[in-house]
Every structure is written in structure tokens, then in C-alpha cells.
Amino acid sequence: MSQSKLDDLFDYTEERCLWQFFSRTWDREENIEGVLGQVARLLTGQEPLRGTPQERLFYADALAMANDVRERFPWASQVNHEEIHFLIDGLKSRLVDTVITRSTNRELNHHLY
């Protein structure tokens, strides 16, 4: 996996994607997994999941992100499916570390919310 490609994806996501900043840990984890799972499907030519309202919500966010990634990063159309999955998995890990693990927002896990 190319570190510069992962950096590109991370910087883009941090700048443009609000779904990573939902108010609770479980929401953030669900969104990171759901949206990026759909992005991976779109970038590898697989049919996106749209069977439930939640899947359609993830798909809507993923469609915009996948289109932007293709437009902004010329390498996106040149990498193979395996590398796409490695990049998306790396992005998921990095986002979880940044917006959950190292977050100083104590409300993420507050028992009253």
C-alpha cells in the first residue's frame, strides 16, 4: 500500500466528510465501516448494497466520495482491486484511531447519552 495514496484519502476524508464526526463512538464506527465499505464496492466495480435505509444512506455518502476520489486522484483508476481494499482498510484504521481512539471528546462514550 502506498503511504502517499493513503495520506491523500485521509486528507480528503478529514476535509470533506462529516459522517466521521457523529456524536457517539458507535455512530462513528458504524459510519466509517458503512460508508467506506460502500466506497470500496464502488471503486472496485461491485454493486453497492442498497437493501435497507441504512445501506442507502451509506451509499449516498459513498457515491459522492467515490466520484470525488476518481476525479481528484488519477491513481484511483489505475490501482487494482486488492490495493483498493488495502487502502480502504488503512483509511478505516486511521480514521478510527484519529476520531475515536485519540479523540478528547468525552461525550463519545458518556453513559447518559
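Axes are lines fitted to C-alpha atoms, for helices over the stretch in contact, and the angle between two of them runs from 0 to 180 degrees between N-to-C directions. With that in hand, the helix packing in this predicted model can be followed pair by pair.

A good place to start is helix α2 (residues 25-43), which packs against α4 at an angle of about 165 degrees, the two axes lying 10 Å apart. Angles over 145 degrees count as roughly antiparallel, and α2 and α4 are therefore roughly antiparallel to each other. Their crossing is right-handed. On the α2 side, the residues that meet α4 are T25, R28, E29, I32, E33, L36, G37, V39, A40 and L43, and their partners in α4 are I84, H85, I88, L91, K92, L95, V96, V99 and I100. Sorted by class, the residues of this contact comprise 12 nonpolar, three polar and four charged.

Helix α4 also has a neighbour in helix α1 (residues 3-16): the axes of α1 and α4 come within 10 Å and cross at roughly 50 degrees. The two helices are therefore oblique to each other, and the crossing of α1 and α4 is right-handed. From α1, the contact draws on Q3, K5, L6, D7, L9, F10, T13 and E14, while α4 supplies E83, L87, G90, L91, R94, L95, T98 and V99. Here the residues divide into seven nonpolar, four polar and five charged.

Turning to the other partner of α2, helix α3 (residues 53-72) has an axis that comes within 8 Å of the α2 axis, and the two cross at roughly 55 degrees. That angle makes α2 oblique to α3. The crossing of α2 and α3 is right-handed. Residues E30, N31, G34, V35, L36, Q38, V39, L42 and L43 of α2 take part in the contact, together with Q54, E55, F58, Y59, D61, A62, L63, M65, A66, V69 and R70 of α3. The class count for this contact is 12 nonpolar, four polar and four charged residues.

Next comes the empty space inside the model. Such space is revealed by rolling a probe the size of a water molecule over the atoms. The count comes to one cavity of 30 Å³ or more, and the largest cavity has a volume of about 30 Å³. Its lining consists of L9, L43, V69, W75, A76, I84, L87 and I88. Helix α4 (residues 81-101) gives the most to this lining, with three residues. By class, the lining holds eight nonpolar, no polar and no charged residues.

Several lining residues will already be familiar from the helix contacts. L9 of α1 and L87 of α4 belong to the α1 and α4 contact, L43 of α2 meets α4 along with I84 and I88, and V69 of α3 is part of the contact with α2.

Methods. Residues are numbered from 1 along each chain as its sequence is written. This is a predicted model: local features need pLDDT of at least 70, side-chain atom pairs count only at pLDDT 80 or more; totals for chains, interfaces and linings use all residues. Side-chain values use heavy atoms; hydrogens and water are left out. On a 1 Å grid over the protein atoms alone, a cavity is a set of points where a 1.4 Å probe fits but cannot get out, and a pocket is an open set with protein on both sides within 12 Å along at least five of seven lines; lining residues have an atom within 4 Å of a point. Grid points are joined across faces, edges and corners, and a volume is the space filled by probe spheres set on the points. Helices (H or I, at least four residues) and strands (E, at least two) are DSSP runs, numbered from the N terminus. Ala, Val, Leu, Ile, Met, Phe, Trp, Tyr, Cys and Pro count as nonpolar, Asp, Glu, Lys and Arg as charged, and the others, Gly among them, as polar. Angles under 35 degrees count as roughly parallel, over 145 as roughly antiparallel, 65 to 115 as roughly perpendicular and the rest as oblique. A crossing is left-handed if the near helix is turned anticlockwise from the far one by less than a right angle, and right-handed if clockwise. Contact means heavy atoms within 4.5 Å.
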